[in-house]
Amino acid sequence: MFKGSLVALITPMRTDGAVDEKKFEQFVDWQIREGTHGVVPVGTTGESPTLSHDEHKRVVEIAIAVAKGRVPVIAGAGSNSTAEAIELTQHAKKAGADAVLIVTPYYNKPTQEGMFLHFMAIADAVDIPIIIYNIPPRSVIDMSVETMARLARHPNIIGVKDATANLVRPLHTRRACGENFCQLSGEDHSAISFLAAGGVGCISVTGNVAPRLLSEMHGCWQDGRVPDAMAIQNRMVPLHDALFSETSPGPVKYAASLLGHTSEKCRLPLAPCGDATKARVRAAMTEVGLLN
């Protein structure tokens, strides 16, 4: 169910910082019409740290309502509080999400055993497919392959979003967790390399503004047209570079604003993108062919 180009959705906001529900509805529908294989609301790219719980839940509900089963919805439901993660996961289940994305607990710095117990508590509490989100640069901790293999024995824990940028990791994960464990890249630059190492897709930031290109790239890979997939990947490099030249989602929200999907507004403590970053984003989008 979960493969190909999945997009870590931005949360459109008005210039006053309020969530723009109408723009979000339109954005989700556009993503699906452009060929995106799955949508992931309220992850880091969706500014989950600064959304209220009510806003978080509403964004999930809108994504599910707009998708209407056309593509899977993987709802962000992570927290560094296990009880809070369970509550958000219960809501995602009730709302009709196809799966949840649960980040490794940030700031607390739990041990490997703490992470194991955290994910087991969620998986035992809610009967919904769970994808572990392992992103050491943001959460500080790195879930080991051994811990992930222990968790993979739980029937509700079905995969990982791997944002380590370590292309040896999926090889070891595949051996430890089995070939059916769903490995999704969380790093745009190395998406094709990750697929070659045993992955089945990518949860993408760049897909917010280039959904059709990335959908085509994954389609080429799945059809065995590797040179065509590599050609698209190579074409996307300057855009990937630009969208991560400042803390995400600042640059990708600016890029989406150039396409008319949202304002560039992010909530504090994320600052507006600098002029140099804006110029770089605009130039990259022009080079890739997204702007005239």
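**Figure 1. Where helix α1 meets helix α2 in this predicted model.** On the α1 side, the residues in contact are Glu-21, Phe-24, Glu-25, Val-28, Asp-29 and Ile-32. Their partners in α2 are Arg-58, Val-59, Ile-62, Ala-63, Val-66 and Ala-67. Sorted by class, this contact holds eight nonpolar and four charged residues, with no polar ones. If you would like to find the helices first, look for residues 21-33 for α1 and residues 53-67 for α2. Their axes come within 9 Å and cross at roughly 45°. An angle of that size makes α1 oblique to α2. The handedness of the α1 and α2 crossing is right-handed.

**Figure 2. The packing of helix α2 with helix α3.** Helix α3 spans residues 82-95, and its axis is 10 Å apart from that of α2. The two helices pack at an angle of about 30°. Because angles under 35 degrees count as roughly parallel, α2 is roughly parallel to α3. Here too, the crossing is right-handed. From α2, the contact takes in His-53, His-56, Lys-57, Val-60, Glu-61 and Ile-64. From α3 come Glu-84, Glu-87, Leu-88, His-91 and Ala-95. By class, the contact of α2 with α3 is made up of four nonpolar, three polar and four charged residues.

**Figure 3. The packing of helix α3 with helix α4.** Helix α4 covers residues 112-125. The axes of α3 and α4 lie 10 Å apart, at an angle of about 30°. The pair is therefore roughly parallel, and its crossing is right-handed. Four residues to look for in α3 are Thr-82, Ala-85, Ile-86 and Thr-89. They belong to a contact with His-118, Ala-121, Ile-122 and Ala-125 of α4. This contact of α3 with α4 has five nonpolar and three polar residues, and no charged residues.

**Figure 4. The largest pocket and its lining.** This pocket encloses about 480 Å³ of space. Its lining has 21 residues, and those closest to the pocket centre are Thr-44, Ser-48, Pro-49, Val-103 and Tyr-106. Two of the helices from the earlier views return here: α2 and α3 each supply at least two residues of the lining. Strand β4 (99-103) and helix α5 (136-139) also each supply at least two. By class, the lining divides into ten nonpolar, nine polar and two charged residues.

**Figure 5. The second largest pocket.** Here the volume is about 340 Å³. Closest to the centre of this pocket are Tyr-133, Ile-135, Arg-138, Gly-186 and Phe-244, which are among the 17 residues of its lining. Nonpolar residues account for nine of the lining, polar residues for five and charged residues for three.

**Figure 6. Two cis peptide bonds, each ending at a proline.** One of them joins Ser-248 and Pro-249, with omega about 15°. To place Pro-249, look in the loop between α10 (226-243) and α11 (250-258). Another cis peptide bond joins Leu-268 and Pro-269, also with omega about 15°. Pro-269 sits in the loop between α11 and α12 (275-288).

**Figure 7. The backbone at Val-42.** Val-42 is a residue other than glycine with a positive phi, near 50°. You will find Val-42 in the loop between β2 (38-40) and α2. The helix on that side of the loop, α2, is also the one that meets α1 in the view of Figure 1.

Notes. Residues numbered from 1 in each chain as written. Predicted model: local features only at pLDDT ≥ 70, side-chain atom pairs only at ≥ 80, totals over all residues. Heavy atoms only, no water. Axes fitted to C-alpha atoms, helices over the stretch in contact; angles between N-to-C directions. Parallel < 35°, antiparallel > 145°, perpendicular 65-115°, else oblique. Left-handed = near helix turned anticlockwise from the far one by under 90°. Contact = heavy atoms within 4.5 Å. Nonpolar A, V, L, I, M, F, W, Y, C, P; charged D, E, K, R; others polar. 1 Å grid on protein atoms, 1.4 Å probe; cavity = no way out; pocket = protein on both sides within 12 Å on 5 of 7 lines; lining within 4 Å. Points joined across faces, edges and corners; volume = space filled by probe spheres on them.
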